[in-house]
Amino acid sequence: MTIHHVSNYAEMCRKAANMISAQILLNPTCTLGLATGSTPIGIYERLADAYNKSDLDFSGITTFNLDEYCGLSENDPQGYYYYMNEQLFNKVNIDRAKAHVPNGTAGDIALECRRYEALITAAGGIDLQLLGIGNNGHIGFNEPSSAFEKDTHCVELDEETIIANARFFDNPDDVPRRAITMGIGTIMQAKKILLVANGEKKKEILQKALYGPITPMVPASILQLHPDLTVIWSDT
Ligand code: F6R
C-alpha cells in the first residue's frame, strides 16, 4: 500500500489525475473503473483539462462505473450516468459505446447485474479502479454487512448513505433506496486501485479501513489485501 498524505483537495486531485493520465498514456486502450460522488469532481476536471491541452486521448479507453441508483435513467440529473456526462464524458473524446454505467432502469435488475459483470470480464477486467470511501466505509455501494459480496449485485442502501447522499437531491425522500454496485470481488480484481478521500469527516473511517481489522462491517478494509493500492488522502 502506498499512501500519499497531501495538504489540500487541489493537490489530491492533481496527484490522482496524474496517476490516471499515466495509466492512459502507458496503455491508451486500458480499462478504467470510475467513481462518482463529490470527491472525484476535481480529478475529472483535471483530466478534461489534459484532454483540452491535447495531452490525453480518451478514444481508446473503456470505462466501467462502480454503481448506479435503481430507478434512475441515463437522463436523470441525479443519476450517475448523467453525472459522468457532466463531469467527464461530455468534455472528452471518449467512445460512448465503451463507457459503461449499470442500467438502473433495467426491467430485470438481477440480469443487469450479471450482464455488467460479464462485460467487465469480457473487457479483460479493470486496469485501474478509482474509489472514494463512504462515511460508513462503503466502496461502490457495498454497504457494511455480515459478508463481502463478490460480484455486481443489487443493494439496499444504508440509512447513513441515504442521508449522506440526500445533499444531491432536492427532496431527501427522492434518494433511491436501492442501487446496483460492482461487488467487492469485482473491485479487488482490478490490477491497480486508487482510493481518494479528503476532509476531516473521512479521517476516522479511512484510518479504520487502512489499519483496522479486515471486516465486511468496514467494506473498504478489504483493500488492505490488494497488492497494488494507492491512497491519496488530503486534510481539506
Ligand atoms: C460513488 C461511490 C461511493 C462514493 C462514496 C463517497 O460512485 O461508489 O462509494 O465514492 O460514497 O462519496 P463522496 O465522494 O461524495 O464523499
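Is Glu-112 buried or exposed? Select Glu-112 in this predicted model. Glu-112 has 5% relative accessibility, and buried means under 20%, so Glu-112 counts as buried. Glu-112 belongs to helix H4, residues 109–122. Leaving aside residues up to four places away in sequence, Glu-112 touches Pro-102, Asn-103, Ala-106 and Ile-180.

**Along H4 to an aromatic pair**

Stay in helix H4 and select Tyr-116, then add Phe-64 from strand S3. The two residues are 52 residues apart, and the pair links distant parts of the chain. Their ring centres are 5.7 Å apart and their planes stand at 85°, so the pair is edge-to-face. Phe-64 is buried, with a relative accessible area of 1%, and Tyr-116 is buried too, at 0% relative accessibility.

Next select Tyr-69 and Phe-141. Here the ring centres are 5.6 Å apart and the planes stand at 40°, so this pair is tilted. Tyr-69 is in strand S4, while Phe-141 is in the loop between S6 and strand S7 (153–156). The pair joins parts of the chain 72 residues apart, and both residues are buried. Add Tyr-44, Tyr-80, Tyr-83 and Phe-169 to the selection: with Tyr-69 and Phe-141, these residues form one aromatic cluster. The whole structure holds 9 aromatic pairs.

**Helix H3**

Tyr-80 and Tyr-83 from that cluster are also among the buried residues of H3, so select the helix, residues 80–87. How many of its 8 residues are buried? The count is 6, so H3 is largely enclosed by the rest of the structure. The other buried residues here are Tyr-81, Met-84, Asn-85 and Gln-87. The buried residues of H3 pack against several elements, including strand S2 (31–34), helix H2 (41–52) and helix H5 (159–165).

**Strand S2 and its partners**

Select S2. Thr-31 and Gly-33 are on one side, Leu-32 and Leu-34 on the other, and all are buried, which leaves both faces of S2 covered. In a regular strand the side chains alternate between the two faces of the sheet.

Now look at the partners of S2. S2 pairs with S3 in the parallel sense over 4 bridges, and Leu-34 stands opposite Asn-65 in S3. S2 is also joined to strand S6 (residues 128–131) by 2 bridges, again running parallel, with Gly-33 opposite Gln-129. Add helix H2 to the view: S2, H2 and S3 make a right-handed β-α-β unit.

**The whole sheet**

Widen the selection to the open sheet of 7 strands. The order is S1-S10-S9-S6-S2-S3-S5, with parallel pairing. Which strands stand at the edges? They are S1 (2–6) and S5 (99–100); each has a single partner strand, so one side of each is left without a neighbour in the sheet. Helix H7 (residues 200–211) packs on the sheet, where H7 touches S1, S9 and S10. The direction of H7 makes about 160° with that of S10. S9 (residues 192–198) and S10 (residues 229–234) run parallel and are joined by 6 bridges; Val-196 has Ile-232 as its bridge partner in S10.

**The nonpolar cores**

Finish with Ile-20, Ile-43, Leu-47, Leu-195 and Leu-223. Within the largest nonpolar core, which has 58 residues, these touch the most other members. Helix H1 (residues 9–26) gives the largest share of this core, 6 residues. Zoom in on Leu-47: among its contacts are Ala-17, Ile-20, Leu-56 and Phe-58. A second, separate core has 11 residues, including Tyr-80, Val-155, Leu-157 and Ala-179.

Definitions and conventions. Residues numbered from 1 in each chain as written. Predicted model: local features only at pLDDT ≥ 70, side-chain atom pairs only at ≥ 80, totals over all residues. Heavy atoms only, no water. Pairing = 2+ DSSP bridges. Contact = heavy atoms within 4.5 Å. Axes fitted to C-alpha atoms, helices over the stretch in contact; angles between N-to-C directions. Buried < 20%, exposed > 50% of the residue type's maximum accessible area, 1.4 Å probe, protein only. Right-handed = clockwise from strand over helix to strand, strands pointing away. Core = buried A, V, L, I, M, F, W, Y, C linked by side-chain atoms within 4.5 Å. Phe/Tyr/Trp six-rings, centres within 6.5 Å; stacked < 30°, edge-to-face > 60°.
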